[in-house]
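The exercises below deal with charged pairs and with the packing of two helices. Work through each task before reading its solution.

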Amino acid sequence: MNGCFAAKPANDGNRGQKEADIQVDVTMRDFSRLLIRYAHGPLAARSGRRDIESVCPHEETKPMNDFEQFSYCHISAALANIDTSTIPDIYALSFFIYDNDDDPRYPVLQLGYNTLTHLTECTPSASDAAEAKWNFAFWLQNELKYIGEPDTEGGQLLEELLKARGLWYTDEDEEADFDRCMRIGGDINAYFVDACVRIARALHENGVIEQDFSRPIPIVVHELEYYDEIAVQTRLANPPDLAKEFEDWIASM
């Protein structure tokens with residue numbers, strides 16, 4: 001997808017929320033607790049031009065579990081594959097989180113970015129420049145990499161991790177006790193969002209973002225709707241104040 005189309009931001013309202021602890025694996029520093037809720041949506045990917053090993057500083061990310069380490073390395077490789085002529089035009093990265101086929105057992109991360117050129121093209125279609133800049137509906141929605149898709153290596157690692165933590169249920173379980181399974185689904189989503197926040201922080205703290213883009217740029221950890229928790233998790237994913245413009249946009253709604 002590559003167009004300027006509008007999506008309405010969500011109100012906080014009665015949306016389900018889930019509390020989860022955030023820790024940055026690389027630094028082991030604790031963050032304040034974060035409210036999370038389910039994520040939804042569709043979208044697909046390719047990997048990078050460099051060998052995974054060459055862009056993956058294993059020593060720095062040792063505290064990560066296997067799924068997070070896998071994700072970190074493949075995201076790093078995908079970022080290294082961006083056309084160098086495009087780099088100066090990129091102002092932010094997207095960690096778009098959704099459930100594959102709307103099934104909470106299968107959360108997926110889609111990596112992408114937006115450019116100042118596309119922002120200029122889409123601004124007339126938005127309510128204002130800020131919406132065009134930060135609402136994913138107006139972004140390129142390019143597909144640099146997918147992490148966690150079912151029937152992939154990353155998806156298998158994620159499923160094994162979730163099952164080992166007791167965060168799983170079968171279709172039969174869902175038929176027998178839907179509410180319990182949806183609570184487990186909320187816990188799965190909370191873990192996945194936390195993992196994406198940790199990975200984003202590691203990309204910043206290990207110098208991957210600054211090395212690839214010659215400057216720090218924010219990583220927006222989001223879904224298709226915007227509310228306070230999206231601002232919080234994005235703030236946690238980035239160095240102090242780097243995502244403030246995005247946070248201010250959500251606060252202005």
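**Exercise 1.** Count the salt bridges, taking a salt bridge as a side-chain nitrogen of Lys or Arg within 4 Å of a carboxyl oxygen of Asp or Glu.

*Solution.* By this rule the count comes to eight salt bridges. The model is predicted: local features need pLDDT of at least 70, side-chain atom pairs count only at pLDDT 80 or more, and totals for chains, interfaces and linings use all residues. Residues are numbered from 1 along each chain as its sequence is written, and side-chain values use heavy atoms, with hydrogens and water left out.

**Exercise 2.** Describe the salt bridge of Glu68 with Arg198, and state whether Glu68 is buried or exposed.

*Solution.* Step one is the distance: the closest N and O atoms of Glu68 and Arg198 are 2.6 Å apart. Step two is the location: Glu68 belongs to helix α2 (residues 66–80) and Arg198 to helix α7, 130 residues apart, and the pair links distant parts of the chain. Helices here are DSSP runs (H or I, at least four residues), numbered from the N terminus. Step three is accessibility, where buried means under 20% relative accessible area, exposed over 50%, and partly exposed in between (1.4 Å probe, protein chains only). Glu68 has 2% relative accessibility and therefore counts as buried; Arg198, at 9%, is buried as well.

**Exercise 3.** Analyse the salt bridge of Glu205 with Arg201 and that of Asp248 with Lys244.

*Solution.* Glu205 and Arg201 have their closest N and O atoms 3.1 Å apart. Both residues lie in helix α7, four residues apart, about one turn of the helix. Glu205 is partly exposed at 29% relative accessibility, whereas Arg201 is buried at 7%.

For Asp248 and Lys244, the closest N and O atoms are 2.9 Å apart. This pair lies in helix α10 (residues 244–251), with a separation of four residues, about one turn of the helix. Asp248 is partly exposed at 40% relative accessibility, and Lys244 is partly exposed with a relative accessible area of 40%. Elsewhere, salt bridges that share partners join Asp103, Arg105 and Asp171 into one network.

**Exercise 4.** Give the angle at which helices α7 and α9 pack, and list the contact residues.

*Solution.* Axes are lines fitted to C-alpha atoms, for helices over the stretch in contact, and angles run from 0 to 180 degrees between N-to-C directions. Helix α7 (residues 178–205) and helix α9 (residues 228–237) pack at about 35°, their axes 8 Å apart. With contact meaning heavy atoms within 4.5 Å, α7 contributes Val193, Val197, Ala200, Arg201 and His204, and α9 contributes Gln233, Arg235, Leu236 and Ala237.

Key
Helix = DSSP H or I, 4+ residues; strand = E, 2+ residues; numbered from the N terminus.
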